[in-house]
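Thanks for coming. I have one structure to show today, and I will keep to how its parts touch.

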Amino acid sequence: MTWTLVLALSAIAYVFKVTGLVIVGGRQLPAVVNRCLGLIPAALVSALIVNSTLGGDDGMVFDARAIGVAAAILVAARRAPLVVVIVTGAAITALARAAGIAV
Amino acid sequence: MTDVQPEVSVEDRSLAMSCAVLGAAVGVFGIAFGVGSVAAGGSVAMTCVMSLLVFTGASQFSAVSVIAAGGSTAAALGGASLLAARNAVYGLAMSRTLQGPLLSRLVAAQITIDESTAMSTAQEHPQSARSAFWWTGASVYVFWNLGTLIGALAGNAIDPEQFGLDAAFPAGFVAMVIPHLRHRNGRRAAAIGAVACAVTMPFLPAGVPILCASVGVLVGVKKP
């Protein structure tokens, strides 16, 4: 771990963040681009669910998280508030792990 | 118009509460990051500066895990940069919501991350979308950095996995994607994004499958 890593990564991360927001932001974009931009969260957030549920050191792993997230999907589909969905996901995962299921 | 009282609706309060809870959950991971970074040979100062300046959790975890496994600075930087690239896409998605003075957009850029973007784009009204972005971004920033400091100082703390907190992120993302599934194109984009990520995960480096998922937005090319 070096200061070079810390500072270089800081600069790279900020350049990525500022590019989309400031350099492109504010300009009038064609309708087709706006339609596609509006779909970014749907595509990426669903990918983040997959990535953070099944992500592991060797590509994909099925463990207790998958059980917890399945429970979270069930309560979310019943329009439970965000807090309830998160607590359900974490609690069921912890229980599955404690019970030794799919650790 | 001075007699008009600013009204905080029940919806606003519950939104602010959700943003705060999300921030607190992230704070626990900040503790884990602080512990891991110190264990990988980082000083308390390096660890805290990384959370203050880099401020994108997945990239930070990735960089520290590569160093901990004996990787070079370049290798650590490569993976972490790929993970950070998606923040450019989030900036694009947020650019319509966050218009204003350059200075406020330069500040907004620093907190343009998974949580603030997802929380903001889940709102129906533009004003709520702006509030959700700033509240979530600020709350995550405070808790992430506080958590990092506590973790770095403690050196060893709680095991987030024991409390199932590693499932808190995907569970939160599940709640956030629901509003996007109301329209047919949203459902298609979400399905394509999830499949693209799952299919590429086994063989692409961490972070890249998230970028691959952006092919899902192409369902918007055709007029509805």
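I will take the contact between the chains, then the domains of one chain. Please keep in mind that this is a predicted model.

Let me start with chain A and chain B. Their contact takes 63 residues from chain A and 89 residues from chain B. Where on chain A do these residues sit? At least two residues each come from α1 (3-24), α2 (31-38), α3 (40-54), β2 (59-60), α4 (64-77) and α5 (82-98) of chain A. The largest share of that side is from α1(A), with 18 residues. By residue type, the side of chain A that touches chain B has 41 nonpolar, 18 polar and 4 charged residues.

Now to chain B by itself. The domain assignment splits chain B into domain 1, residues 14-164, and domain 2, residues 183-224. Taken over C-alpha atoms, the centres of domain 1 and domain 2 of chain B are 23 Å apart.

How many residues do these two domains of chain B bring into contact? Domain 1 of chain B puts in 8 residues, and domain 2 of chain B puts in 7. On the domain 1 side, the elements that give two or more residues are α3 (57-68) and α4 (73-94) of chain B. Of these, α4(B) has the largest share, 6 residues. The domain 1 side that touches domain 2 of chain B consists of 5 nonpolar residues, 2 polar and 1 charged.

To recap, α1(A) gives the largest share of chain A's side towards chain B, and α4(B) gives the largest share of domain 1's side towards domain 2 within chain B. That is what I had.

Notes:
Residues are numbered from 1 along each chain as its sequence is written. Chains are lettered from A and ligands numbered from 1 in the order in which they are written. This is a predicted model: local features need pLDDT of at least 70, side-chain atom pairs count only at pLDDT 80 or more; totals for chains, interfaces and linings use all residues. Domain bounds come from an automatic or database domain assignment. Helices (H or I, at least four residues) and strands (E, at least two) are DSSP runs, numbered from the N terminus. Ala, Val, Leu, Ile, Met, Phe, Trp, Tyr, Cys and Pro count as nonpolar, Asp, Glu, Lys and Arg as charged, and the others, Gly among them, as polar.
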